[in-house]
Amino acid sequence: MLATSSPYTITWEKLPDDFVLPDDPVDNINQPTLAAALTESLELAGKLPETALTPTNYGICATINGKMVVKAPDWAYIPHITANRSEVERSYTPRLQGEIPTLVLEFLSETEGGEYSSKPTYPPGKFFYYEQILQILNYGIFDLESGILELYRLKENQRYKLEDANEKNRYWIPEMQLFLGVWEGKRENRSGYWLRWWDEAGNLLLWRTERIEQERQQAEQERQRAERLAAQLRAAGIEPEE
């Protein structure tokens, strides 16, 4: 049980097998693509430990005053789970099955999903649940259409404070040692705004297609360099070795 200054009794219990999870479709086709892109670049950069989870539209549970609550953020980063993967296929209970998520993200769409709701009564709003119950350190709300990212960080008073972005409009996530920011471009036939990662030195964490293109360009540059060197040798009367 977690002791808090709130009038709520919070326990960390496994989701019952007979608990009926909502079977709602995602709000639009872009949300799974955005989520997958976040995970892919982390994995390719070696920033995704084997015990980490990056679930999408996946239930994160807590029991408040004896009532089970499940919220499914559009994307989350859970740094370490202690349960077997088979035990967290349907849902995840922090403290019982591993650590509290470091970051949760909600993608705004035309459908109002209560991302800003601080409603404390059952069932609680998402903002209240992430802030007061789960006490997740970083909560991001991203508007796909405008490209605006808001990042809230949990302060010592256990309240979220809207953070200020740096001069490059990125937010530092100290627990991940990465910046999170907005990037505009194209991926998988979708042109628009994306959430991307940058390392501490400001290097963009690449997607797979970008890494392949980068390697192709490097190989082409190396081929051209070798051709220039061979031409210089021939000009000097030296036949380069094959």
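Select T11 and E13 to begin: a polar contact of 2.9 Å joins their side chains. The model on display is a predicted one. T11 belongs to strand β1, which covers residues 10-11. Its relative accessible area is 17%, and because buried means under 20%, T11 counts as buried.

**Before β1**

Next, select Y8, which is located in the segment before β1. Which residues does Y8 touch, leaving out those up to four places away in sequence? They are I64, N65, P120 and F128. For the first of these, display the C-alpha atoms: those of Y8 and I64 are separated by 6.4 Å, although the two residues are 56 residues apart along the chain.

**The β2-β3 hairpin**

From I64, extend the selection to strand β2 (residues 59-64) and strand β3 (residues 67-71). The two strands pair in the antiparallel sense, over five bridges. To inspect one position in this pairing, select T63 in the company of M68, its bridge partner in β3. β2 and β3 form a hairpin, with two residues between them. In the turn, select N65, where phi is positive at about 50°; N65 is also one of the residues touched by Y8.

**Strand β6**

Move now to V104, which lies in strand β6. Is V104 buried or exposed? V104 is buried, with a relative accessible area of 0%. Show its surroundings: apart from neighbours within four places in sequence, V104 is in contact with P73, W75, A76, Y130, I136, N138, Y139 and G140. Among these, Y139 merits a distance label, as the C-alpha atoms of V104 and Y139 are 5.1 Å apart in space, with 35 residues of separation in sequence.

**Helix α1**

The final selection is helix α1, residues 30-44. Its end C-alpha atoms are 21 Å apart. This agrees with expectation, because 15 residues at 1.5 Å a residue should span 21 Å. Colour the buried residues of α1 next: Q31, T33, L34, A35, A37, L38, T39, E40, S41 and L42. What covers these buried residues? The cover includes the strands β4 (75-77), β6 (103-108), β7 (138-143), β11 (178-187) and β12 (190-198), together with helix α3 (208-235). Strand β6, which holds V104, thus reappears here as part of the cover over α1. The tour closes at G46, just after α1, where phi takes a positive value of about 70°.

Note on methods: Residues numbered from 1 in each chain as written. Predicted model: local features only at pLDDT ≥ 70, side-chain atom pairs only at ≥ 80, totals over all residues. Heavy atoms only, no water. Helix = DSSP H or I, 4+ residues; strand = E, 2+ residues; numbered from the N terminus. Expected span 1.5 Å × (residues − 1). Buried < 20%, exposed > 50% of the residue type's maximum accessible area, 1.4 Å probe, protein only. Contact = heavy atoms within 4.5 Å. Pairing = 2+ DSSP bridges. Polar contact = N/O pair within 3.5 Å; in protein donor to acceptor, adjacent residues only side chain to side chain.
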